[in-house]
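Student: Could you pick one part of this model and look at it closely, then tell me about its surroundings?

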Amino acid sequence: MTQASSPAPIGHSDQAATATAALPPLARRIPPRTVTAMLATAARAPSVHNTQPWRFAVGAHAIDLYADPSRKLRYDRAGREMLISCGAALFGLRLAVRELGYLPAVSLFPEPSRIGLLARVTLGPKVPVTAMEWQMLAALPHRHTHRGAFDPGEVPASLLAGLQHDALAEGATLALIGNPGKYAKLAALVAEGSRMQALNPAAREETLRWSRAPSSPARDGVPAAAFAPAGAAVSGRLAPRDFDLGRHLGLLPGPGPDGPPPAATAVLVTLGDSRADWLRAGQALHRVLAHAATAWVSASLHTQPLEVPAIRDLIRVRLALPGVAQMLLQFGPARSGMASPRRPVPDLLV
């Protein structure tokens, strides 16, 4: 097992698959009184359609992260989006370990014969929590996928550079799309991907399955307060996913034609496209979003064009990306909106 380490005390995962499930000889006990809070922090992670496709097994010295295939989107056959979501939960669990004052020690795929077991997290050496980690922890309750209008204002260049550093620290790249020509190519491909997904019965079925009416008591899925009644495209914004589907359920005021555009557009990229790369992408995504939320900067996430293999490949080629596109993001200041509900911790336990 490889202990997590990086210039920032949050650390990073052992990104290579390991063949042993053994614990370090001096593994520290996880304080039982902290487990519920740790898992609640991990569960604040973003996930596709707010499916929350993760489960945890808690031992005396380790917490294991599992994928929950029952929450995988039916058209996500390889489980790419499910593992990106689980990678985000893994970063949240690492942040929860940091709140205790320890470095997280992480092994990915610690028992290769158990395909659903994605990671094992133990407590490494004691290291003081950094100011940025405290800020990230404080920002988690208001961090959310942003589907409404952005507030006026810019995202400081220093923050964007920090977000790019966050992605690099997790083994990914946050490629900013500042060139107008490249943005036009991306917007056209996103629009085409959205059109193709709108014609896909499986994609429509999943949107219906995971979008919630205003009266729904569900603690998962996308609540009506988090999507607009129509998914009309607005100049300067990538085409959104239509969660309403003509049902007039959405309660979120959508961005208007005269509203401020996003301050920045980016593509989250990994070198490869393996299960480990998907976990990398999820950890990078959550780290980027949590850091942005410390400055009340939110992001709209666009997954639908990447669900069409041909469109996903064209985005890589036409934008000359340094790897494989895993997530499209648009950033902007936003103090409105609310985080989607999360399932109670007992429901997350294996």
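Tutor: A residue is called buried when its relative accessible area is under 20%, exposed when over 50%, and partly exposed in between (1.4 Å probe, protein chains only). This is a predicted model, in which local features need pLDDT of at least 70 and side-chain atom pairs pLDDT 80 or more, while totals for chains, interfaces and linings use all residues. Residues are numbered from 1 along each chain as its sequence is written, and side-chain values use heavy atoms, without hydrogens and water.

Let's take helix H3, residues 131-139 (helices are DSSP runs of H or I with at least four residues, strands runs of E with at least two, numbered from the N terminus). Its buried residues are Glu-133, Met-136, Leu-137 and Ala-139. Because they fall within an arc of 165 degrees seen down the axis of H3 (judged by directions from the helix axis to the C-beta atoms), they line one face of the helix. Ala-131 and Ala-138 are exposed on the other side of H3. The buried residues pack against helices H1 (35-42), H2 and H7 (275-294), with contact meaning heavy atoms within 4.5 Å.

From H2 we can step to the largest pocket, since H2 gives the most to its lining, with five residues. That pocket has a volume of about 710 Å³. A pocket here is an open set of points on a 1 Å grid over the protein atoms alone, where a 1.4 Å probe fits, with protein on both sides within 12 Å along at least five of seven lines; lining residues have an atom within 4 Å of a point. The volume is the space filled by probe spheres set on the points, which are joined across faces, edges and corners. Of its 48 lining residues, Thr-145, His-146, Arg-147, Phe-243 and Leu-301 are closest to the centre. Helix H2 (80-99), strand S8 (297-302) and strand S9 (324-333) are the elements giving two or more residues. By class, 22 lining residues are nonpolar (Ala, Val, Leu, Ile, Met, Phe, Trp, Tyr, Cys, Pro), 10 charged (Asp, Glu, Lys, Arg) and 16 polar (the others, Gly among them).

Last, have a look at strand S4, residues 102-108. Seven of its seven residues are buried, so the rest of the structure largely encloses the strand. S4 runs antiparallel to strand S5 (residues 117-126), with six bridges joining them (strands pair if DSSP finds at least two). Among the partners, Pro-104 bridges to Leu-123 in S5.
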